[in-house]
Amino acid sequence: PAKTEVRFADERPVFQAVYQAAKSALLGAVRPEAYASEAAKARPAPDEAGFVPTGAAGAECAAPSFPLASPSTAFFSADERLDDPLLRQNPLPPLRENPSLLRFPAPVPKADVRQALREEQISFLPAQAQTAVRVLGELFQTYFLAQRGEELLLIDKHAAHERILYERFKAEYAGRGVERQLLLEPQALTLSREEAAVLLEHREMLEEAGFLAEEFGSGTVLLRECPLLLTGVDGNALLAEIAGYLLERRGDIDTQALDWIFHSAACRAAVKAGNPSSAQERELFVEQLLALPEIRHCPHGRPVLVAITRKELEKRFGRLG
């Protein structure tokens, strides 16, 4: 009754059964040869110039112009899939120390950016206040460079990312609660007895922050769930940091403790300075950041953006008298 996962002694027969059933269903629903044959029958004959009459019955059933994949190339064989060593490993992605800006925040189409931000209870600039922005590149793998009108913008990607994640944690908490993910394999964290005790003592606050931890005996705590925004982050290291914070303030823990946890989680999940970012990441991130006028400082108070006007630059280069 307490099982959170079930493993098969031999996964191969189960995989083969599901794979073959899905493959048969898909191939039965889409048969390229049959489709092309039926389309050819319904297609009207071309005129002398080689054109198909647009008003002729069945013209809309003509075969598509793009090639359809044949059954022999549309799927991998079951043996190929079963021999893939990745399928025999933990299907969850490995822990990464370099979170992607595309994951935090998740990219959305330009037309949906404002609506997505509105739903997360973060204010945004009115449409008429937006100025076209051109992302120029990245400096020292730390600062994004962008041109907005007559300004050069330098954006600290870690500080800006950290603040955005912090706001998302708070928005989730104020809404439906911090979204959590169940770990495929619970992570055991060995602490001092005092640290383990203080974590378990404040278990309810940890759950509000998105962590589900259980006692595992002898100063060991078992982490079963963590915030979804921390995908790819070492949850044990963060939990150890939280334990140290709670132990240091034991007996004097108030509502600010939850806010501190959000700060710490956002800092760990944010992309780090020195890690390269792709052009797509830069474009999407700068667009979303500039739609949030109140995000101009990270949770620690450092600026996330510095703007240099064209007049300032020309003055530096002696172009202005």
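Me: Buried means under 20% relative accessible area, exposed over 50%, and partly exposed in between. With that in hand, why is C267 called partly exposed?

Reply: This is a predicted model, and the value is computed from it. C267 has a relative accessible area of 27%. Partly exposed covers what falls between under 20% and over 50%. So C267 counts as partly exposed.

Me: How do you know that C267 is in no disulfide?

Reply: A search of the whole structure finds zero disulfides. For C267, the nearest cysteine sulfur is that of C298, and it is 8.3 Å away. A disulfide needs the two sulfur atoms within 2.5 Å. C267 is therefore in no disulfide.

Me: And what makes C226 a buried cysteine?

Reply: Its relative accessible area is 5%. The limit for buried is under 20%. C226 is therefore buried.

Me: On to the rings. Why is the pair of Y245 and W260 called stacked?

Reply: The structure holds five aromatic pairs. In the pair of Y245 and W260, the ring centres are 3.9 Å apart and the planes stand at 10°. Rings pair when their centres lie within 6.5 Å, and planes under 30 degrees apart count as stacked. Both conditions are met, so the pair is stacked.

Me: What makes this pair a link between distant parts of the chain?

Reply: Y245 belongs to helix α9 and W260 to helix α10, 15 residues apart.

Me: Y245 and W260: which is buried and which is partly exposed?

Reply: Y245 is buried, because its relative accessible area is 11%. W260 has 23%, so W260 is partly exposed. The cut-off for buried is under 20%.

Me: What makes F169, Y173 and F262 a cluster?

Reply: Ring pairs link these three residues.

Me: How do you know that α9 spans what its residue count predicts?

Reply: Helix α9 runs over residues 235-248 and has 14 residues. From first C-alpha to last, α9 reaches 20 Å, close to the 20 Å expected at 1.5 Å a residue. Helix α10 also has 14 residues. The reach of α10 is 20 Å, again close to the 20 Å expected.

Me: What makes D234 a cap on α9?

Reply: D234 sits at the N-terminal end of α9. One of its side-chain oxygens lies 3.1 Å from the backbone nitrogen of N236. The limit for a polar contact is 3.5 Å.

Me: What covers the buried residues of α9?

Reply: Those buried residues include L238, L239, I242 and Y245. Their cover includes β4, α7, α8, β5, β6 and α10. The buried residues of α10, in turn, pack against α6, α8 and α9.

Me: Why is H263 called buried?

Reply: H263 lies in α10, residues 256-269. Its relative accessible area is 18%, so H263 is buried. The limit is under 20%. Neighbours within four places in sequence aside, H263 is in contact with E162, Y166 and P299.

Me: Which residues have the most contacts inside the largest nonpolar core?

Reply: That core has 35 residues, and those with the most contacts inside it are F169, L199, F211, L230, L239 and I242. The elements giving two or more residues to this core are α6, β4, α7, α8, β6, α9 and α10. The most come from α10, with seven residues. Leaving aside neighbours within four places in sequence, I242 is in contact with L199, L206, F211, W260 and I261. Apart from this core lies another, of 17 residues, including F144 and F285.

Me: What makes R282 and E138 a polar contact, and is R282 buried or exposed?

Reply: The two side chains come to 3.4 Å. The cut-off is 3.5 Å, and the pair makes a polar contact. R282 is found in helix α11. At 16% relative accessibility, R282 counts as buried, because buried means under 20%.

Me: Why is L313 called partly exposed?

Reply: L313 is found in helix α12, residues 310-316. Its relative accessibility is 32%. That lies between the limits of under 20% and over 50%, so L313 counts as partly exposed. L313 and E151 are 162 residues apart in sequence, yet 9.4 Å apart in space, C-alpha to C-alpha.

Note on methods
Residues numbered from 1 in each chain as written. Predicted model: local features only at pLDDT ≥ 70, side-chain atom pairs only at ≥ 80, totals over all residues. Heavy atoms only, no water. Helix = DSSP H or I, 4+ residues; strand = E, 2+ residues; numbered from the N terminus. Buried < 20%, exposed > 50% of the residue type's maximum accessible area, 1.4 Å probe, protein only. Contact = heavy atoms within 4.5 Å. Expected span 1.5 Å × (residues − 1). Polar contact = N/O pair within 3.5 Å; in protein donor to acceptor, adjacent residues only side chain to side chain. Phe/Tyr/Trp six-rings, centres within 6.5 Å; stacked < 30°, edge-to-face > 60°. Core = buried A, V, L, I, M, F, W, Y, C linked by side-chain atoms within 4.5 Å.
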